[in-house]
2 protein chains.
Amino acid sequence: MVKLPGYAGKILYIDISKKKHKVVDVKESFARKYLGGIGFATRILYDLLKEKVDAFDARNPIIISPGLLTGFGVPTFSKVVFASKSPLTGGFSRSVAGGRIGPALKYAGYDTVVIQGRCRKPIYIFIDDDRVEFRKAEDLWGLSTRETEERLKEEIGDKTVATAVIGPAGENLSLISCIDCEERQAGRTGLGAIMGAKKIKAIAVRGSKDLIPYDPDKLLEMLPKIYKECVTHPAYEWDVNWGTAEFIDWMNRERGTFPVKNFQEGFFKDAYAKLKEGEKMPLDPYYWVPKYSVRNRACPSCVKPCGKVFKSRDLIVEGPEYETLYSLGGACGVDDIETVAKAHLLCDLYGLDGISAGVTIGWAMECYEKGLLTKEDTDGIELKFGNGEAMLKAIEAIAYRKGKLGKLLADGVRKAARKLGKGSSRFAIHVKGLELPAYDVRGIKGMALAVAVSTRGACHLTACIYGTELVGKWWKFENIDRLSAENKGYEVKVHEDLMALYDALGLCKFSRHIFFAEKLPEIVNAITGFNVDTAYLMTVGERIYNIQRAFNIKQGFTRKDDTLPYRIMHDPIPEGPSKGSYVKPSELRKMLDEYYMARGWSKEGVPTKVKLVTLDLEDIAEEIGAGI
Amino acid sequence: MVKLPGYAGKILYIDISKKKHKVVDVKESFARKYLGGIGFATRILYDLLKEKVDAFDARNPIIISPGLLTGFGVPTFSKVVFASKSPLTGGFSRSVAGGRIGPALKYAGYDTVVIQGRCRKPIYIFIDDDRVEFRKAEDLWGLSTRETEERLKEEIGDKTVATAVIGPAGENLSLISCIDCEERQAGRTGLGAIMGAKKIKAIAVRGSKDLIPYDPDKLLEMLPKIYKECVTHPAYEWDVNWGTAEFIDWMNRERGTFPVKNFQEGFFKDAYAKLKEGEKMPLDPYYWVPKYSVRNRACPSCVKPCGKVFKSRDLIVEGPEYETLYSLGGACGVDDIETVAKAHLLCDLYGLDGISAGVTIGWAMECYEKGLLTKEDTDGIELKFGNGEAMLKAIEAIAYRKGKLGKLLADGVRKAARKLGKGSSRFAIHVKGLELPAYDVRGIKGMALAVAVSTRGACHLTACIYGTELVGKWWKFENIDRLSAENKGYEVKVHEDLMALYDALGLCKFSRHIFFAEKLPEIVNAITGFNVDTAYLMTVGERIYNIQRAFNIKQGFTRKDDTLPYRIMHDPIPEGPSKGSYVKPSELRKMLDEYYMARGWSKEGVPTKVKLVTLDLEDIAEEIGAGI
């Protein structure tokens, strides 16, 4: 077979039960239809799991799929998708990481790796170009992510191997555990537990092959221009100087949509109340970057490194980020930046999703303050909002399922609230089991719709619509009213399609102010020679997203799952710029109707046969398509 | 330039003011983006008329554009699009004809012909391969369409030339005049008057060149299969045995949505009341075909000829069709088939749109019966429903703008009702000025939405949704409730996109039960080598439709123009299977909201910038795109 330009050319299937692997050529028709990254991962996952299976079933794969452009040195294109059936949501799981493992896989000769099966004893997988080794990992079991990474590199004798590892949380099958790729995480939906259940402690990758673009001259001509666009864009300064949390003060004081104390407040009232004239709020990077940040850290070929390396005494960590400043800060009422950084580090080392961990603990704090949990339930921890030490102890308890508290919280807030009962589900902040990210969607109604319908549960990255809604314009969108529930269906749909495309290409979503959609065909065509246009690429995004929805339908999801936390729909934001705003159930219903119509889905939220056929998904139309 | 496979390769621009022409190569990027037919016509018209101009302005072109596949001998692909700004609606005009002129233009070497300018004295244009002649036509002026065609062939001395001509109605600038292509009409939206205003009596075309497909072997392999599919489909028998009106009895008695007496009734009560046991209703082809039909007539390369040649004494005509059995039959309360055939023939000879003429006369009959028109206004004609002779006289009056009646009716029902006043607009059955086709949309609510939003006004062919709604399923659609106004937006959108694609390819809409969408990529790829899929082709349809909408917006149309006749929204169908049904204004509002959402348009019905950019129409996004 002639190798396709732009592709490593092969998909690697690994069966760890049998310790075997096989390599399948990437067909041009498949490549054109799904591009790569999440496109490949989504279609492969759909085809592998035709029936409803338990997420810990040996057949449930973990799929690792670098974006189409990952590895070509195009600025900010280096992402890798991890996909599986999520043990946390029970639905489609996509978790995207930066870091080095995506490019490494491409250089090893693979566009996608699919791992199925299960081992009885811990192993790690070493993918060394054409060679695939299954190595014992009993001595790594129990180690933190950082230690594991170091030990792997020692054992292989090569510091340049790229690694994806789990920590104790994944080993202990915490449903909010993550996969760590050298301090870039595939954080959400509990994928650490998928590796843990398979007894895969780590994956190490070394690649030494070349990737050949279709039109190298064109690509070389484009790279400096893309570089220049990246470094001259206003977002460059924000990312590089302040990291991902540049806008945290604005979120609090201008928008009032920074969730605090488990969404009881829309801005960090206590933290601001303490400040003297001219002082910065301690979670604000304008406060802590000058004091603690020692350097930046970037993904490969990124020219605008957003990772802020935080150093304080013996603590050194890439973080905190905007999301953990919320989940391990505001959501728990903690405004001490060193504690937040420590908590971020602990989550990284244990291999925990920092968002889910913080939101789950925030919920527990509210339970504690309301008397639904007592010191007996918390193993003696004074689990009040603002108690940073208590938060750190709770993180450890979760990672190791330690004590009553650990057992209660280790599987995220939905399960915890179901176990505890006592009306605590009314303030369990999740959708489809996934805890909400750092946006009080009561005051961002388009985003409320986005988190309600996202195929992986409450997620800021599936649609990446928060900026559009909060600023009121983006790309070609204008005049958007975040406090209105009108006219959101098509807006959310387009964002989702575009972000699916980003995940197919490996493009970082922090670059969405630079690349939009119109700039992508030129890059894709230079790499692949496919001669496609914007409409074609957007359609690929739509195709991918519809398959994810179809997957969820086959796993039992219905319109009822497209919902919002009780609090979002019943308790208005009490104070601040978004005071009084919440999403009425009737508003959600209307937004869902609009969204399904914009998507060409039935009133029940099932893709119509016509939609699927016109996305060239005839087989899926037959399997799940609705009549209208 | 290398000639594109599948294309004649050139666009012919004619300026009749200067009697000059030029030829422009078809670029591959343009061909890929718009395919041909309505795609070429739509984009060219949009680019030529950037501002609001009068339809009779010399700049307003008449564009003649055969479908991409027209001329290749693929069964039922031979249609040709006529496009312009409509003098009747003031908006985008598309009128599609069968017959020989489409293939002839391709064989002459042109994918599209664009005619601008205006003459002072009548001419005809003779396109003879590379040669373009402007010939005097003063002696043809005033002749009927049939005489004109015969005289042209004599003068050129070649019976094989293909012709498109106008009759007296077009010469007299009747806004409901048509273009006649050897008894296949570009019937709707008054395009005869565009030719009349330019003083073009006719266009004659002779082509002798070859069309080269990309993959001749593949095409040859496919043709017998397509042939077989056509002749073994159940619709084959209907079309060939009974013509387009096969279902007229079902429309009356099973659905009650056959409009009678200017939409005062939903089935032909009087005609059925007269029948004895076992008799057929006289407009039903099961009655008249055995008695009057002498042979069938087909478009080139059609294998299922639907044209029924009607002969009675000195009368011979291709027709009547389903539509004229309504407009010149039911709508005027006339059930004498010989009279209807005569009326059909008169419309053809005078070059009148048979639908619009009949509906306009039906309105006048209602006015007469209500006393809003008297014998003085009708030049002595007893203009009552069911008076066939009166109808025939009225047709002549319209074509020649003869007497008070002719002057009142010659520009269609909207203008007539505005002139007359007296509340007669309440039963003027049109949308955007175009008279409704043969479907009582009060009992077909998805179709009501379709006629409300169609870019050319009330039209059954823009979405071609009537079958889907009336049967309740089609293609991949199922469980459609024609009496409900729920869930129609996406359904209409998809039908419109697909039909725009049909008009781009030159595919007859009577074949929509055979080709659907999924079968088209293989044919398009064999002809062009474009390597496209269903999603791509549907996107081209959507692109074309959005440009038409953009065109209308630039001509001043708003959401307010997406409406329905007063009677459709206020007077329920009085009797029959659809008794009581009508489209409430609130239902129309809801359907419009849904439709715009499904289309990615604003609440005002303006395509969003995002929608346009993701259709690769950045320039149009800048010009008319909405923020959301």
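**Close-ups of a two-chain model**

**View 1. Charges in chain A.** Start with the charged side chains: chain A has 93 positive and 84 negative charges, and their mean positions are 3 Å apart. Keep in mind that this is a predicted model.

**View 2. The fold of chain A.** Trace the backbone and you'll run through 27 helices and 17 strands. With a radius of gyration of 23 Å, close to the 25 Å that the globule rule gives for 628 residues, chain A is as compact as a globular protein of that length. Its C-alpha trace spans about 65 × 55 × 50 Å along the principal axes of chain A.

**View 3. Inside and outside of chain A.** How much of chain A is buried? Of its 628 residues, 69% count as buried. Now look at who touches whom: take the contacts between residues at least 6 apart in sequence, and 69% of them join residues at least 24 apart. On the outside, chain A has an accessible surface of about 20300 Å², and carbon and sulfur atoms account for 50% of that.

**View 4. Where chain B meets chain A.** Here 42 residues of chain B are in contact with 42 residues of chain A. People often give the size of an interface as the accessible area lost when the parts come together. For this pair, chain B and chain A bury about 3700 Å² between them, with 59% of it on carbon and sulfur atoms.

**View 5. Three residues of chain B.** Which three residues supply more than any other three of the area that chain B buries against chain A? They are B:Tyr490, B:Met597 and B:Ile628, which together supply 21% of that area.

Terms used
Residues are numbered from 1 along each chain as its sequence is written. Chains are lettered from A and ligands numbered from 1 in the order in which they are written. This is a predicted model: local features need pLDDT of at least 70, side-chain atom pairs count only at pLDDT 80 or more; totals for chains, interfaces and linings use all residues. Side-chain values use heavy atoms; hydrogens and water are left out. Helices (H or I, at least four residues) and strands (E, at least two) are DSSP runs, numbered from the N terminus. The radius of gyration is taken over C-alpha atoms; the globule rule is 2.2 Å times the number of residues to the power 0.38. Buried means under 20% relative accessible area, exposed over 50%, partly exposed in between (1.4 Å probe, protein chains only). Contact means heavy atoms within 4.5 Å. Accessible areas come from the Shrake-Rupley method with a 1.4 Å probe; for residues, only the protein chains shown count as cover. Lys and Arg count as positive and Asp and Glu as negative; His and the chain ends are not counted. The place of a charge is taken as NZ of Lys, CZ of Arg, CG of Asp or CD of Glu. Buried area is the accessible area (1.4 Å probe) that two parts lose on being put together, summed over both.
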